[in-house]
Amino acid sequence: MATRAGAGRQARGGEAGAEGPEGRDDSPAPVPRRLLAAATRLFAEQGYDRTSVQEIVEAAGVTKGALYHYFGSKDDLLHEIYGRLLRLQQERLDLLAEREAPVEERLRQAAADVVVTTIENLDDAMIFFRSMHQLSPEKQKQVRAERRRYHERFRALIEEGRRAGVFSDATPADLVVDYHFGSVHHLSSWYRPGGRLSPQQVADHLADLLLRALRP
């Protein structure tokens with residue numbers, strides 16, 4: 001069975017650069033990507049607070065000057081690790097929400113998608129929720145605003161369904177959103193690659209639970 005850190009690296013495609021004519025990786029990855037890959041692996045294996053800048057740059061094969069040129073600090077690396085996952089999930093949610101499909105179908109797809117993308121980037125999610133308190137106050141404020149935008153777009157689908165008479169309004173929408181994302185946030189504490197359930201199966205089960213809670 002793959003380790004959690006190893007699975008995260010595989011899901012992100014490791015540190016591969018451009019492929020050669022026979023599928024070989026003939027060129028190094030860009031420096032920012034190498035730094036993020038090294039930081040993600042080390043933060044997952046050792047913890048943010050126990051990982052030094054020196055360890056990160058040695059693992060990435062770059063100098064400290066390169067790290068400070070692209071990120072400025074270890075704090076910036078932590079912020080970007082979660083930021084790239086949240087941007088991916090926001091883009092996918094926006095696309096799903098705008099589809100021409102029944103609202104119940106769009107909500108179910110959105111609820112499943114956030115589970116799958118979290119599992120596919122489990123290191124990123126686990127690192128962030130374990131270490132968010134170590135971000136600077138300003139960066140914590142930025143992250144909360146970004147997460148709030150995501151949750152509000154998700155909640156808007158629930159409210160759309162209620163206006164259409166598809167979903168019950170017996171439970172406050174905010175509580176429904178917190179119920180689902182509480183499950184998502186705990187995935188890194190129990191999900192193991194190679195286990196009995198695939199990412200999509202976990203996503204389908206959790207999305208079904210959400211929809212059952214909303215049906216009249």
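In this predicted model, the charged end of K74 sits over the ring of Y48, with 4.3 Å separating that charged end from the ring centre. The ring of Y48 also takes part in an aromatic pair, and the structure holds seven aromatic pairs. The partner of Y48 is F43: the two ring centres are 5.1 Å apart and the planes meet at 65°, so the pair counts as edge-to-face, because an angle over 60 degrees is what that class requires. Both partners are buried, F43 with a relative accessible area of 0% and Y48 with a relative accessible area of 8%.

A further edge-to-face pair is formed by Y82 and F129, whose rings lie 5.8 Å apart from centre to centre, with 70° between the planes. Y82 belongs to helix α5, which covers residues 74–97, whereas F129 belongs to helix α7, which covers residues 122–131, and the pair therefore ties together parts of the chain that are 47 residues apart in sequence. As for accessibility, Y82 is buried, with a relative accessible area of 6%, while F129, at 32% relative accessibility, counts as partly exposed, because the buried class is reserved for values under 20% and the exposed class for values over 50%.

The contact between Y82 and F129 can also be placed in a wider setting, since ring pairs link Y82, F128 and F129 into a cluster.

Note on methods. Residues are numbered from 1 along each chain as its sequence is written. This is a predicted model: local features need pLDDT of at least 70, side-chain atom pairs count only at pLDDT 80 or more; totals for chains, interfaces and linings use all residues. Side-chain values use heavy atoms; hydrogens and water are left out. Rings of Phe, Tyr and Trp (its six-membered ring) pair if their centres lie within 6.5 Å; planes under 30 degrees apart count as stacked, over 60 as edge-to-face and the rest as tilted. Buried means under 20% relative accessible area, exposed over 50%, partly exposed in between (1.4 Å probe, protein chains only). Helices (H or I, at least four residues) and strands (E, at least two) are DSSP runs, numbered from the N terminus. A charge sits over a ring if NZ of Lys or CZ of Arg is within 6 Å of the ring centre and within 35 degrees of the ring normal.
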